[in-house]
Amino acid sequence: MDKLRLFFTFLGFFTICTLSKAQDIEVQGYFMKDSAKIGERVPYVLKAKYSKGMNIIFPDSLYDYSPFVLLEKQTFMSQTKGDFTLDSAVYYVSNFSLESKSSLSVPVYDVMKYDSTTYQSNEASLALQLTINPLPEQLAFRDNNVYQEIPKAFNFPLLIAILLALVLMSIIVFFVFGKAITKAFNSYREKRKYNRFIKKWKNAEVRFVSNPNMDSADELLGLWKTYMEHLNNKPFREWTTVEIANFLDNKAIIKDFREIEMIIYAGKQSSDVSQAVHNLKEICADTYQQKIIDKDERK
């Protein structure tokens, strides 16, 4: 009898604790639209208001949002007022179900030391918006007694002969001018890449000169290493400054790198930093010109 009384006492205590914990959190979920087309991007808002001491997390892309498909999740900073904290997130989802109405309920989790508790949000519904108008009960036909010309049969033998002639001419042109066309195309593509690099470099240089901080300096060095890696087909982004200098046989580049890296690692700017930027740009220009010249000499 004592064991039975102890069991019911423990059960009542556990129930009271659970209800008390549930009252400390409010979970709400709703769509920003009442209806949507199939595959349309729809925002779903999930909010959780909870008391201090609770470690609340929202589900990520691993959660099953069926019948919806998760496209993107956007989170916001927590807001604390008094004894309560408000967390919110926007889930952008798409619906591919043909049901007239689809529902979604997303939970939040209270993560504790050895366990976690799930709090389910309310069920939010989204109606399917049809884009095809229903057919009328009676179809209206329009009389038309205008003569309709029947198209003649297509001349397939002539089409085949023309295609074969084009294929034969393409093969002849390829064998006669193929190498020259390929080299000209590669040179044209290389010049386009160089022009795009110069445009990006000028923009990055303007940002760096006007505001020489860690981000602008890192952007400038990253742009230089990426383009040099393309020109030389070598891992410039993985190499150290000394390795780059040894490969280019240019010891002076170490000083140019140091002038820019001093801003990244020490936050200091010297008077020679503009010259260092100019020197790095000239190295790219010289390397590009050498690559074009090498291609022309091999013709």
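User: What makes the pair Asn-213 and Asp-215, at the start of H3, a polar contact?
Analyst: The model is predicted. In it, a side-chain oxygen of Asn-213 reaches to within 3.3 Å of the backbone nitrogen of Asp-215. The cut-off for such a pair of N or O atoms is 3.5 Å, so the pair counts as a polar contact.

User: How do you know whether the span of H3 fits what is expected?
Analyst: Set the span against the rule. H3 has 19 residues, and the expected span is 1.5 Å times one less than that number. This gives 27 Å, and the helix reaches 27 Å from its first C-alpha to its last, close to expectation.

User: What comes just after H3?
Analyst: Asn-233, which takes a positive phi of about 55°.

User: Which residues of H3 are called buried?
Analyst: Among them are Leu-220, Leu-223, Trp-224, Tyr-227 and Met-228. Lys-225 and Glu-229 are also listed as buried. Buried here means under 20% relative accessible area.

User: What makes Trp-224 part of a nonpolar core?
Analyst: Trp-224 is buried. Core members are buried nonpolar residues joined through side-chain atoms within 4.5 Å. Trp-224 is among the residues with the most contacts inside the largest core, which has 30 residues. H2, H3, H4 (241-248), H5 and H6 each give two or more residues to this core.

User: Which residues does Trp-224 touch, leaving out those up to four places away in sequence?
Analyst: They include Trp-201, Phe-236, Ile-244, Leu-248 and Ile-253. Phe-257, Leu-280, Ile-283 and Cys-284 are also touched.

User: Which residues does the second core include?
Analyst: Ala-48, Ile-56, Ala-89 and Val-106 are included. This core is separate and has 23 residues.

User: Why is the pair Glu-72 and Arg-41 called a salt bridge?
Analyst: The closest N and O atoms are 2.4 Å apart. The limit is 4 Å, so the pair qualifies. Glu-72 lies in strand E5 (residues 68-75) and Arg-41 in strand E3 (residues 41-51), so parts 31 residues apart in sequence are tied together. By the same rule the model has 7 salt bridges.

User: Are Glu-72 and Arg-41 buried, exposed or partly exposed?
Analyst: Glu-72 has 36% relative accessibility, and Arg-41 has 42%. Both values fall between 20% and 50%, so both residues count as partly exposed.

User: How do you know that Glu-190 and Lys-291 form a salt bridge?
Analyst: Their closest N and O atoms are 3.5 Å apart. That is within 4 Å, so the pair counts. Glu-190 sits in helix H2 (residues 156-210) and Lys-291 in helix H6 (residues 273-297), so the pair ties parts 101 residues apart in sequence. Glu-190 is at 5% relative accessibility, under the 20% limit, so it is buried.

User: How far apart are Glu-261 and Arg-258 in helix H5?
Analyst: They are 3 residues apart in H5 (residues 252-265), which means about one helical turn. Their side chains meet in a salt bridge at 3.1 Å, N to O. Glu-261 is buried at 13%, whereas Arg-258 is partly exposed at 40%.

User: What makes E2 and E8 edge strands?
Analyst: The open sheet has 3 strands in the order E2-E11-E8, with mixed pairing. Strands E2 (35-36) and E8 (101-104) each pair on one side only.

User: How do you know that E2 and E11 pair?
Analyst: 2 bridges join E2 to E11 (residues 124-128). Pairing needs at least two, so these strands pair. They run parallel. Ser-35 has Ala-127 as its bridge partner in E11.

Note on methods:
Residues are numbered from 1 along each chain as its sequence is written. This is a predicted model: local features need pLDDT of at least 70, side-chain atom pairs count only at pLDDT 80 or more; totals for chains, interfaces and linings use all residues. Side-chain values use heavy atoms; hydrogens and water are left out. Helices (H or I, at least four residues) and strands (E, at least two) are DSSP runs, numbered from the N terminus. Buried means under 20% relative accessible area, exposed over 50%, partly exposed in between (1.4 Å probe, protein chains only). Contact means heavy atoms within 4.5 Å. A polar contact is a pair of N or O atoms within 3.5 Å; within protein, one must be able to donate a hydrogen and the other to accept it, and residues adjacent in sequence count only if both atoms are side-chain atoms.
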